[in-house]
Amino acid sequence: MRASRIRLVLVLLAVILGAGSVAAQPTSKAQRATINRFAANNSLFVLYHEIGHMLVHQLNLPVLGKEEDAADNMATWTLLRKGTPEADQALADAAYGWLLSGQAYNDTIKDEDLYGNHSLDRQRAFQIVCLMVGSNESAFRPIANEYAIDSDRQGSCADDYYTVNRSLEGLLGSRAGKNGHGTKVTVTYHDAGGQLKKAADAFRASGVFDQVAEEVRANYSISTPLKFNAERCGEANAFYDPDNDEVIFCYELMQDYIDLYSADIPASDVSAEPRATGTGKSKNAPTSTGTSVSQKN
Amino acid sequence: MKFTRAAAAALICCGLLGTSAFAQDDEQVAADAMDFAMHDAEYTMYHEIGHLLVNELDLPVLGKEEDAADALAVILMLNDTADLDESANALIDSADGWYFNAVKADRATVEDLSYYDSHSLDIQRAYAMVCMMVGAKPEDYKETADAYDMDADGQAECSYTYSDAERAWNKLLEPFLATEGHTGEAITVVYEDAAPGFEQYKDELQSRAILDNAAALVSAKFVLPRPITFLGTQCDTANAWYSNSDAQITYCYTLTGDMHDLYVNDIIGSGDEGTSEEDTGESDGAEESE
């Protein structure tokens with residue numbers, strides 16, 4: 001057997017996007033409310049994502065495809081099935097959150113991003129919007145158009161949603177109903193202190209952690225008691241820890257979403273709608289960050 | 001046993017020293033290009049079989065179906081123990097195919113990247129395949145993973161990626177396994193005529209029984225609920241797909257030609273540009289499902 005042929009090729013795919021500026025901007029009360037809503041909605045999506053991992057682990061669900069994509073799909077599916085304006089807003093915020101984080105942190109796509117467990121942030125943003133338009137074309141065509149998803153793909157997104165819905169109905173259908181025995185969930189907000197206190201307070205006040213905990217209690221019958229811990233972690237992240245049956249939400253992540261959106265606000269009208277985001281290839285917010293795409297060889 | 005990419009380059013270099021040697025190397029390149037294209041055809045059929053199984057057996061897919069199909073292709077090829085060297089070469093060639101497709105697209109224009117495609121990016125598909133390979137058989141594929149610059153931690157983590165994927169596929173396929181006396185519907189293999197210039201690909205696919213072997217593997221292993229056709233044919237695009245409404249997997253000779261030319265023009269880089277019979281402009285998603 002021989003090794004791969006790729007050794008001689010020095011060109012690797014790399015996309016450079018200028019990182020957006022993250023200078024702090026003065027904010028009005030209304031802006032702060034919008035920022036907090038955006039951060040809470042992104043946190044909510046992330047929590048449903050971690051619940052997805054939890055369900056895969058606790059219910060031993062077979063995952064075809066990447067588990068990380070599966071967890072995202074489960075989060076999107078959960079929100080889509082609510083069918084409320086709040087849930088739709090959460091999805092729009094979450095998609096835009098992935099675009100912003102892709103812009104801020106994945107300005108250069110590195111090799112390890114390409115063989116990692118996660119899809120690229122930009123792909124995660126589009127996948128949310130794809131399932132949205134796939135589930136309800138007339139309701140979500142506007143946002144799909146804003147993300148410049150072409151009409152062919154918008155059409156085939158219906159197949160994607162069909163598969164995700166069929167799969168989750170089949171695997172969770174009986175468990176996601178109201179007739180389960182319920183799950184024991186303990187929610188704990190640990191002290192944040194210092195600079196994270198505001199973000200921690202905003203996270204708690206948003207109620208997303210308690211909301212998700214309550215849904216897990218009511219909708220699933222997980223035999224193992226679960227712990228939901230909100231805490232300072234030292235990184236902006238969230239986890240499901242299968243060894244401890246624990247969902248961890250880091251206050252740093254809430255702070256991160258606040259910072260991301262605050263930095264983005266001068267370029268926006270503080271509306272919920274993402275602006276011309278292109279396909280992620282030419283994500284040039286005209287007035288602000290001046291992102292550009294160039295090619296690196 | 002094939003030579004490595006490095007060895008190939010050396011061969012070409014030395015071939016320039018004499019006309020007769022060069023002609024010989026030309027033949028060698030042609031033979032290797034055909035091998036490369038056939039290996040990709042084998043992988044492509046297994047990938048489409050992934051779509052076929054998902055849809056015919058109504059299997060749940062929580063992630064991307066395209067990634068799942070890639071994973072199944074690797075699992076089936078890794079477990080093809082008839083000729084381990086051959087299946088290893090086929091796997092490596094198929095991963096390299098995605099890699100060089102990505103490089104080619106990158107050189108052309110970054111606009112070709114589609115972040116909302118149902119497929120992962122070509123480069124991600126290359127890495128995912130190598131990850132599955134090194135995860136399953138670290139001793140066999142460490143060299144390949146090293147060539148892809150996957151660090152030791154990443155390679156180690158791939159063992160979980162592989163075992164998770166294999167476990168999920170096995171669990172879902174288990175109820176549909178064929179047993180003695182309980183088999184499913186048959187798969188019919190058809191090779192339609194090729195367009196001028198593509199006969200060699202049709203002949204080679206047929207003589208290596210690429211579609212036939214894939215069909216035999218599926219019908220021996222799984223209970224299919226209805227008859228299926230595997231069709232080799234000429235198409236406008238370099239593609240292959242499973243169609244639920246047609247109960248069919250279509251494999252295009254044009255794809256064989258494209259992979260052959262990819263090898264000659266972009267991997268060996270020594271071919272004259274004239275060998276490219278068709279430029280589809282398609283860099284992403286050479287395989288798709290309907």
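This dialogue examines selected features of chain B in a predicted model.

Tutor: Local features here need pLDDT of at least 70, side-chain atom pairs count only at pLDDT 80 or more, and totals for chains, interfaces and linings use all residues. Residues are numbered from 1 along each chain as its sequence is written, chains are lettered from A in the order in which they are written, and side-chain values use heavy atoms, with hydrogens and water left out.

Student: Why is B:T250 called buried?

Tutor: Buried means under 20% relative accessible area (1.4 Å probe, protein chains only). B:T250 has a relative accessible area of 6%, so B:T250 is buried. Of the 290 residues in chain B, 56% are buried.

Student: What makes the pairing of B:T250 with B:Q248 a polar contact?

Tutor: A polar contact is a pair of N or O atoms within 3.5 Å; within protein, one must be able to donate a hydrogen and the other to accept it, and residues adjacent in sequence count only if both atoms are side-chain atoms. The two side chains make such a contact at 3.2 Å, so the distance satisfies the limit.

Student: Which residues does B:T250 touch, not counting residues up to four places away in sequence?

Tutor: Contact means heavy atoms within 4.5 Å. On that basis B:T250 touches B:L231, B:T233, B:C235, B:A240 and B:W241.

Student: Where in the secondary structure of chain B is B:T250 found?

Tutor: B:T250 is found in strand 4, residues 248-252. Strands (E, at least two residues) and helices (H or I, at least four) are DSSP runs, numbered from the N terminus. Chain B has 10 helices and five strands.

Methods: Buried means under 20% relative accessible area, exposed over 50%, partly exposed in between (1.4 Å probe, protein chains only).
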